[in-house]
Amino acid sequence: MSARKYENLLNENLRKALVKVSGLDPKELPVVYPYLEFPKEKSFGDVSVTSALKLSGTLKQPPREIAAKIVSYLNEEIPNCELKDVIAKIDIAGPGFINFTFKPVYFYFILKDIMETGGKGIAKTDKPRKALVEFVSANPTGSLSVAHGRQAAVGDALCNVLEFLGHEVKREYYLNDEGNQINILGNSIYLRLRELQGEKIEFPEDHYQGEYIRGLAEELAPGAASSKPPEFYREYGVKRILDIIKKELDDFGVKFDSWYSQASLRESGKIDRSIELLKEKGYIYESEGAVWFASTKFLDDKDRVIVKSDGSYTYLAPDIAYHQDKYKRGFEWLINFWGPDHHGYINRLKSSVAAFGKDANSLNIVIVQLATLFKEGKVVSMSTRKGEYITLREVMDEVGKDAARFFFVMRKTDSHLDFDLELAKKQNSENPVFYVQYAHARICNILVNAKLSSDTLKNADLSLLDKKEELDLLKALAKFEWALKVAEIQLDPYPLTSYLQELAESFHRFYDVHRVLSDDASLTNARLALIFGCKTIIALGLSLLGVKAPEKM
């Protein structure tokens, strides 16, 4: 039986125990299936269950008392099923944690699963969903910034994880290609063009002043272009900068399935139709000459203007239509990555989703905090209008795509990220991405020297892996599935970077203590199988992050 089947069997027994102990219908249980978690401390066993603590409030009983009843049930059931082959003991700890310690054979099964499937049979979801993930979506007014780079790395890595788990995922870039910022972009190019013709220009403070604007103006033939209408410069600027953005993303390993234009959304009439539909549902009213969305009927703290008294849309109007269109295109799970300045915008948009009859929770907004760059111990300043900010392109040129992608995901999305450019360039164990990649390359070198076939590895006697460092590495392999599931639940690929560093550390610690290639052929084969499994998971994990797994370093 595979490790996954043992896990499912244990979860099913836990479900039966919870139902019997609580007297509740399975659907009424205040705990989420599956129930198994990895404890923070190794001394607490291999997996833990916190269900007793979560049931305590519902049952009005002490959690340790509930835990004792659950364990009593399991102790009666486990000897009569396959779980007896893999569970060594069950303990109750602290206020009511139930901790399980597995026999080594359980981890042998995990290693066999990895070798047989290449790790691709791990953690597949039982409920695949059709998801649309919108991220980056930077206004086409300049090159991508570090903040956009972080969104690109985080969003793309999460898409990779969700696809690996079995969801149908599409990536979308929402292109804000109209409005005041685009007008300013066009006029910035126009003014630089006049300046190139010899005019003395007083450049407005709110215009884009970076050298890239001068470069765009220089591409135009001054004599032929200086008399064009304003829309010419707007359209030219958007097209050229969008070309730059697409090339930056392509070099960063991020490819979008669709680029959704706000201008085309307006021209299609979908904004007016969505407002009319809300009106038919009774969620639109007029006041003070403006059109209001009654968002307080749902999740918002106040109603919102969607059409101003001058007849122009607020930012909310096209966003409402855009998200309605996402559902109309057949997506059932919407995930948006936004910057921290949009936090207050979440409930008004969720309210619009609910107003159209959709589950507000089917729209998930992930706020990605900003990143601060450090170079030679000093903070690198950023100013978009002045054009002095460090771009994603500059970060890639300085540290490389792999280091940039890994570092951008090394902190939780809701945490500010300090990006040390000097650390990202180091070729030693201080650099996290180098540390993980080096573990992979080191294993590749060992396997090349061993010259063994995959069949030999699959038939290895894994019971010989009984030393502490061997078991620790086996247990580290077992946490890969957990890291992916946490990433899915939290909509954040950060657990994967943390996990890969832990796995690499377990491998290096094992390798520092034990020789892989020895005079004992059976032990050698077993250890080769162990590190082959480790290599497989490191390569798979890095690929999900969009990072290469080099065979030589």
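Strand S11, covering residues 333–338, is joined to S12 by 5 bridges, and the two strands run parallel. One of the residues involved is Trp338, whose bridge partner in S12 is Ile367. The model in which these strands appear is predicted.

The pairing of S11 and S12 is part of a wider arrangement. Both strands belong to an open sheet of 5 strands, in which the order is S7-S6-S5-S11-S12 and the pairing is parallel. At the edges of this sheet lie strand S7, residues 258–261, and strand S12, residues 363–367; each of these pairs on one side only. From one strand to the next, the twist averages 25°.

The sheet can now be placed within the chain as a whole. The protein chain has 15 strands, along with 21 helices. Its C-alpha trace spans about 85 × 60 × 40 Å along the principal axes.

The next points concern how the chain packs. Of the 553 residues in the protein chain, 52% are buried, where buried means under 20% relative accessible area. Among contacts in the protein chain with a separation of 6 or more, 71% are accounted for by residues 24 or more positions apart.

That leaves the surface and the charges. The protein chain exposes about 25300 Å², and carbon and sulfur atoms supply 48% of this area. The chain carries 75 positive and 79 negative charges, and the mean positions of these two sets are 2 Å apart.

Methods: Residues numbered from 1 in each chain as written. Predicted model: local features only at pLDDT ≥ 70, side-chain atom pairs only at ≥ 80, totals over all residues. Heavy atoms only, no water. Helix = DSSP H or I, 4+ residues; strand = E, 2+ residues; numbered from the N terminus. Buried < 20%, exposed > 50% of the residue type's maximum accessible area, 1.4 Å probe, protein only. Contact = heavy atoms within 4.5 Å. Areas by Shrake-Rupley, 256 points an atom, 1.4 Å probe, with all protein chains shown as cover. Lys, Arg positive; Asp, Glu negative; His and termini not counted. Charge placed at Lys NZ, Arg CZ, Asp CG, Glu CD. Pairing = 2+ DSSP bridges. Axes fitted to C-alpha atoms, helices over the stretch in contact; angles between N-to-C directions.
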